[in-house]
Amino acid sequence: MSQIILAIETSCDETAVSILKDGKELIVNSVDTQIEKHKQFGGVYPELACRLHLENISKVLSYSLSSSSLSLNDITHVAVTCGPGLPGALQIGIMAAKTISSYLNVPLIPVHHLAGHIYANEFVKDFSYPLLALIASGGNSDIVYLDRELHFEVLGETLDDAIGESFDKVARLLSLPYPGGVMIDKLTKGRDDIELIDLPKVSVEGYNLSFSGLKSHISRMIEKDKEEKKLDEKRILSYAKSVEINFVDQLLDKLYSAYLNYHPKMIVVGGGVSANSYLRKKIKELFDCENVEVIVPPLWCTTDNAAMIAKVASRMIDKNMSFNRDFSSKPSFPLSGLNED
Ligand code: KG4
């Protein structure tokens, strides 16, 4: 009998539903993004995110089912993001998933959002272990080691802000629209002619990362430029390119040290910032002559989606993990919380 997973993701500002057959065949991948609605607030406004999930979840669910040739009764498993994420937003997805799985009397699988960002890369290629994963998103910046399937060791994480939110904050200071990371990429992509601004290199112990000190330093520089009326278009471009290089290089320096110590067979990247053109190019160049395979996710898979949640769920089912419908949202959920030992 086929395994048909209906997956739901509502951890932040995307209401997403996917249907995955036998762990490989993505039958439907619907994503309703709220980005336009949050633009006026310069970031995700949690109250609004919850209201929009509530408004949209049944629409996205019925669209997903009607655009497949499946009926509800074909679903063999339901999966849902249980954390980390916005508490109210997670609850809405979980409520919908619980209702469907109880009605159909099929197992309900709680999935870690960041495991989803890592396993999104299995839409490109099946994993070889040991594996190193770099997660770079709006809320997270982590370097994770997997010695085997679904076994996570977080080697390093940001001590303060995540790379995505740091891009967004710097972009806001430059009066660029939300989401700032996307705009920074748009402005700098393929431009080798931009004059760079000298920014300090951050030094943090181990594989941890830090962006807030640098962000404050840059914000003081921008304020000074504004006072001196020096913040013209050319200078904005210079900030955008210099910040992009500085932030991404910090991630990649740490990833490279982890590679040298852990000898992975594969390196994967995930999260919204993995769409960044400079990061995608630089990571390939960095490991080009090394004995490791580097996978970057397809662009459709870098933003939040439910296909990646279904992918993790499928791996969990294949491992014969046991599931209990009696769980709640876990807004702060460590990745190692998924490990069985
Ligand atoms: O993973 P994601 O969709 O949300 C979280 O779950 O955190 O990531 C959103 C973040 C935003 O901060 C956005 O500015 C950033 O990813 N982002 C990018 C790019 N696309 C999205 N940053 C740099 N370059 C991009 N192309």
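Biologist: How far from a nitrogen atom of the ligand does a polar side-chain atom of Asn276 lie?

Modeller: The model is predicted, and its distances are computed. A polar contact requires a pair of N or O atoms within 3.5 Å. The distance from the polar side-chain atom of Asn276 to a nitrogen atom of the ligand is 3.1 Å.

Biologist: Which residue has a side-chain N or O atom 2.8 Å from a nitrogen atom of the ligand?

Modeller: Nineteen is the wider setting here: 19 residues surround the ligand, and those that come nearest include Gly138 and Gly272. Asp304 has a side-chain N or O atom 3.3 Å from an oxygen atom of the ligand. The residue at 2.8 Å from a ligand nitrogen atom is Asp185.

Biologist: What share of the ligand's accessible area does the protein cover?

Modeller: The ligand sits in the largest pocket. On its own, the ligand has 560 Å² of accessible area. Of this area, the protein covers 88%.

Biologist: Which helix gives the most residues to the shell around the ligand?

Modeller: Three helices, α4 (113-119), α5 (163-173) and α6 (180-188), each supply at least two residues of the shell. The greatest contribution is four residues, and it comes from α5.

Biologist: How many residues of the shell around the ligand are polar by class?

Modeller: The shell also holds five nonpolar and four charged residues. The number of polar residues is 10.

Biologist: What is the angle between the planes of the aromatic pair Tyr119 and Phe152?

Modeller: The whole structure has 12 aromatic pairs. Tyr119 and Phe152 form one that is edge-to-face, 6.5 Å centre to centre. Tyr119 is in helix α4 and Phe152 in strand β8, 33 residues apart. The angle between their planes is 80°.

Definitions and conventions: Residues numbered from 1 in each chain as written. Predicted model: local features only at pLDDT ≥ 70, side-chain atom pairs only at ≥ 80, totals over all residues. Heavy atoms only, no water. Near = heavy atom within 4 Å. Polar contact = N/O pair within 3.5 Å; in protein donor to acceptor, adjacent residues only side chain to side chain. Areas by Shrake-Rupley, 256 points an atom, 1.4 Å probe, with all protein chains shown as cover. 1 Å grid on protein atoms, 1.4 Å probe; cavity = no way out; pocket = protein on both sides within 12 Å on 5 of 7 lines; lining within 4 Å. Sits in = over half its atoms within 2 Å of the grid points. Nonpolar A, V, L, I, M, F, W, Y, C, P; charged D, E, K, R; others polar. Phe/Tyr/Trp six-rings, centres within 6.5 Å; stacked < 30°, edge-to-face > 60°.
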